[in-house]
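Please look over the model shown below before reading on. The questions that follow move from single residues to the sheet and then to charged pairs.

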Amino acid sequence: MQNLSSTPDHLLRRLEWTVIRRLDGLLQGDYRTLMRGAGMDLADLREYQHGDDVRHIDWNVTARLQVPHVREYTEDREMTAWFLLDLSPSVDFGSGDVRKRGVSAEFVAILARLLTRHGNRVGAILYGSGVERVIPPGSGRRHVLHLLKQMLERPDGSAGGETKLLDLLHAGAGMLQRRSTVFVVSDFISAPGWEQSLGQLVRRHEVTAVRLSDPLEKDLPDLGLLTLEDAETGEQLLVDTHDAGFRRRLSELAAERETTLRQTLAAAGVDTLELSTDDNLIEALLRFTDLRKRRVRGSAGSGLPAHLRPALMES
């Protein structure tokens, strides 16, 4: 993992030598399974069969022939991936040398470079105190560097109220017209109300939630008297972490929030990739790719529409 003092070029060069080449070889083409949701070209029409995705029914042909027909598609060679990036103040947190924004930058660098090396395009929407920047889809190493520059050189967020993930998701739903692969990269520390917008995004695109976290957010160690500050609001609170009861209650609240968030993401029908500041990115991405492959194999024979299939959760 890197810290935010790295330049975009230094970060990308290091990842190309240490991660991207190795990961590209290990995936051996499986990145297309990881990056499902490419644009689709209409290939043919045929009669509806039990188990077909009802979203592919061509209602005009069905009405004309009085027999249900579905559209068959072929996958475009070119895929477009979008990164919806939460860069709000809480993402600047890290209990060690690595911040959650550093993890986000490495993830984006790896995935964006893997995609562009194979001729695909990537774009991004950046959210800080609001939706601040849209980077249209592009390809090539220079484009990836431009994306990283916007992430790494953005000033640390200052407390300015709660993050509204709803605004980021709403912007994505409005701007992304063509079916795409979408990665929502966030710690999901947000004001409520974003859940419905995530569901709307899922109905049109292939969405993965990339959840950023830090170990200290789940388990507070005994550090004595400690001043805690809310990164979103700036509010400070003096607590006695030597109090075992306090630490236990904090862990229980964190576990409750964890359960609720996992259930919310699963209900929306998204796969979830968990990335902690102490994770090994290669191992995490390979585990996630394996889960996606198993999901694709399982859903192929399920007969259920994609939006009704259960999402696999990365643990």
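Helices and strands are DSSP runs, a helix having at least four residues and a strand at least two, numbered from the N terminus. The model is predicted.

Q: How many helices and strands are there in the protein?
A: The protein has 315 residues, of which 47% are buried. Among contacts with a separation of 6 or more, 75% join residues 24 or more positions apart. The count of secondary structure elements in the protein comes to nine helices and 10 strands.

Q: In which strand is the place of Thr80, and is Thr80 buried or exposed?
A: Thr80 belongs to strand β3, which covers residues 80–86. Leaving aside residues up to four places away in sequence, Thr80 touches Arg121, Pro137, Arg178, Ser180 and Thr181. Because buried means under 20% relative accessible area, the value of 5% makes Thr80 buried.

Q: In what order do the six strands of the open sheet stand?
A: The pairing in this open sheet is mixed. β5 and β10 (271–276) are at the edges with a single partner strand each, so one side of each has no neighbour in the sheet. Ignoring direction, neighbouring strands of this sheet are turned by 15° against each other on average. Read across the sheet, the order is β5-β4-β3-β6-β7-β10.

Q: Which residue in β6 does Phe83 stand opposite?
A: Strand β6 comprises residues 181–186, and β3 pairs with β6 in the parallel sense over five bridges. The residue in β6 that stands opposite Phe83 is Phe183.

Q: At about what angle to β3 does helix α4 run?
A: Helix α4, made of residues 100–117, lies across β3, β4 (121–127), β5, β6, β7 (206–213) and β10. Helix α8 (residues 244–268) also packs on the sheet, where α8 touches β7 and β10 and makes about 165° with the direction of β7. For helix α4 the angle to β3 is about 175°.

Q: Which residues form a nonpolar patch on the surface with Val134?
A: Val134 sits in strand β5, residues 131–138, and Val134 is partly exposed, with a relative accessible area of 36%. The patch has about 220 Å² of accessible area together, while the protein exposes about 15400 Å², with carbon and sulfur atoms supplying 50% of that area. The partners of Val134 in the patch are Val131 and Met175.

Q: Which residues are linked with Asp9 and Arg13 in a network of salt bridges?
A: The side chains of Arg13 and Asp9 form a salt bridge at 2.8 Å, N to O, and both residues lie in helix α1 (residues 8–27), four residues apart, about one turn of the helix. Arg13 is partly exposed at 48% relative accessible area, and Asp9 is partly exposed at 30%. Linked with this pair in the network are Glu16, Arg113 and Arg141.

Q: How many residues apart are Lys100 and Asp187?
A: Lys100 and Asp187 form a salt bridge whose closest N and O atoms are 2.9 Å apart. The pair links distant parts of the chain, with Lys100 in helix α4 and Asp187 in the loop between β6 and α7 (195–204), a separation of 87 residues.

Q: What relative accessibility does Arg211 have?
A: Arg211 and Glu258 meet through their side chains in a salt bridge of 2.8 Å, N to O, joining strand β7 to helix α8 across 47 residues. Glu258 is buried, with a relative accessible area of 14%. Arg211 also counts as buried, and its relative accessibility is 4%.

Conventions:
Residues are numbered from 1 along each chain as its sequence is written. This is a predicted model: local features need pLDDT of at least 70, side-chain atom pairs count only at pLDDT 80 or more; totals for chains, interfaces and linings use all residues. Side-chain values use heavy atoms; hydrogens and water are left out. Buried means under 20% relative accessible area, exposed over 50%, partly exposed in between (1.4 Å probe, protein chains only). Contact means heavy atoms within 4.5 Å. Accessible areas come from the Shrake-Rupley method with a 1.4 Å probe; for residues, only the protein chains shown count as cover. Patches are made of residues with over 30% relative accessible area and no salt bridge: like charges are joined within 9 Å, nonpolar side chains (Val, Leu, Ile, Met, Phe, Trp, Tyr) within 5 Å. A salt bridge is a side-chain nitrogen of Lys or Arg within 4 Å of a carboxyl oxygen of Asp or Glu. Two strands pair if DSSP finds at least two bridges between them. Axes are lines fitted to C-alpha atoms, for helices over the stretch in contact, and angles run from 0 to 180 degrees between N-to-C directions.
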